[in-house]
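Trainee: I'd like to go through the labels people put on contacts in a model. Can we take them one by one?
Mentor: Sure, have a look here.

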Amino acid sequence: MALPPSERAEISKIYFGESNNFSDKNDLSLKSCNPKLLEYEKRKNRMIIFVSDVFLDNPKVLKKFHTLLTSFNDLAPVAIVMMGDFLSCHVPSHAYAQELKTHLTQLGHFLHDNTPGLCKHTMFVLLPGPGDRYSGAAGASILPRPLIPEFLTEEFRRLVPRCVFTTNPCRMQYCTQQIHILRADGLMKKTANYDIRHGSMDRKKSPTVIESDDDIIKNYIKTLESQSHLITVPLDVCPTYWPLAPHSLNLYPMPDLVCIADANAPEYSTIGSNHSDSSNSKILSSTGCIFFNPSSFSKNKYSFSVYITAQRLIEDSNLPDDEYDAGISLMDSEDTVATVGNRRKHN
């Protein structure tokens, strides 16, 4: 038995028409009922920054993150998506909530005092990671995960009004583009332990089968596209809360962008099959949806991802190890996108 064929969003639109299945705020889909918004989206070259595993209690990591924030201050992105874990594993459980509140407040003061451009023009989206233990051990492994409680974030929200603390996973929408965001460690490895090519979820793959990282990534993305769901493993492998799962974990119709931040998986990004850059060596997506993993900022050479909205392209980036003047703007002009640090080259 093979996996079911994947379906592009354009095909799904034939059956759904103009109804909105992505958000409950609008009855009609913005893709089909707002051509001016689509024109603006194509004309304005904006950015969305995705960064995962920002250990706010680690001085070296925090300094690098401050460098990242100040470098983008002159040309503020549309949004900065910050995904947990927000504290390192060295913080004991009984002190975790207070430590998280303290470091979030300190980050809020830094943003308020040093990055007025970001505070004015950028939306900060923060969602918890698998190691954020404010909700106790019982809820740490179950998806979807609740947002960080308000009593821990009230001072940050006062200092940075343009912020949203949300659940994990969550959905975003920029103009007509639909974005799914999930923060989970080991999900690709768990999926790879099952024979995804033959559709058998109850029979583990033979340990003698050796696959390259590229093969694992391609098979993983193919599984997500075919199943139209973020979680394709049994409940005992990845527990999910089913009353909320159909909306938060569903990928049907297929969105435009899917971020799966996995610190244990290789860094990757895909391009749509109709992308104009035929020389690009990135993995092709059969549905036109872009899948990517920004990796871990704290554990993987200060890695992060920049999504260029007009080109619908992911730039995998990282900060250099050497020190440099964070006060120098790295942006050339409003319509020119430059990522901080080094752009990663794909094999």
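Trainee: How many aromatic pairs does the count come to?
Mentor: The count comes to four aromatic pairs. For the rule, rings of Phe, Tyr and Trp (its six-membered ring) pair if their centres lie within 6.5 Å; planes under 30 degrees apart count as stacked, over 60 as edge-to-face and the rest as tilted. Keep in mind that this is a predicted model, where local features need pLDDT of at least 70, side-chain atom pairs count only at pLDDT 80 or more, and totals for chains, interfaces and linings use all residues. Residues are numbered from 1 along each chain as its sequence is written, and side-chain values use heavy atoms, with hydrogens and water left out.

Trainee: Why is the pair of F65 and F297 called edge-to-face?
Mentor: Their ring centres are 5.9 Å apart and the planes stand at 75°, so the pair is edge-to-face. F65 sits in helix α4 and F297 in the loop between β12 (290-293) and β13, 232 residues apart. Helices (H or I, at least four residues) and strands (E, at least two) are DSSP runs, numbered from the N terminus.

Trainee: What kind of aromatic pair do F297 and Y302 form?
Mentor: Edge-to-face again, with 5.5 Å centre to centre and 65° between the planes. F65, F297 and Y302 form one aromatic cluster.

Trainee: What makes Y302 count as buried?
Mentor: Buried means under 20% relative accessible area, exposed over 50%, partly exposed in between (1.4 Å probe, protein chains only). Y302 has 9% relative accessibility, so Y302 counts as buried. F297, at 0%, counts as buried too.

Trainee: How do you know that R183 and D53 meet in a salt bridge?
Mentor: A salt bridge is a side-chain nitrogen of Lys or Arg within 4 Å of a carboxyl oxygen of Asp or Glu. For R183 and D53, the N to O distance is 2.8 Å, so the pair fits. R183 lies in strand β6 (residues 177-183) and D53 in the loop between β1 (47-52) and α4 (59-71), so the bridge ties together parts 130 residues apart in sequence. Both residues are buried. The whole structure has six salt bridges.

Trainee: And E155 with R158: why is R158 called exposed?
Mentor: R158 has a relative accessible area of 53%, so R158 is exposed. E155, at 24%, counts as partly exposed. Their side chains meet in a salt bridge (2.5 Å, N to O). They are three residues apart in helix α7 (residues 150-159), so about one helical turn separates them.
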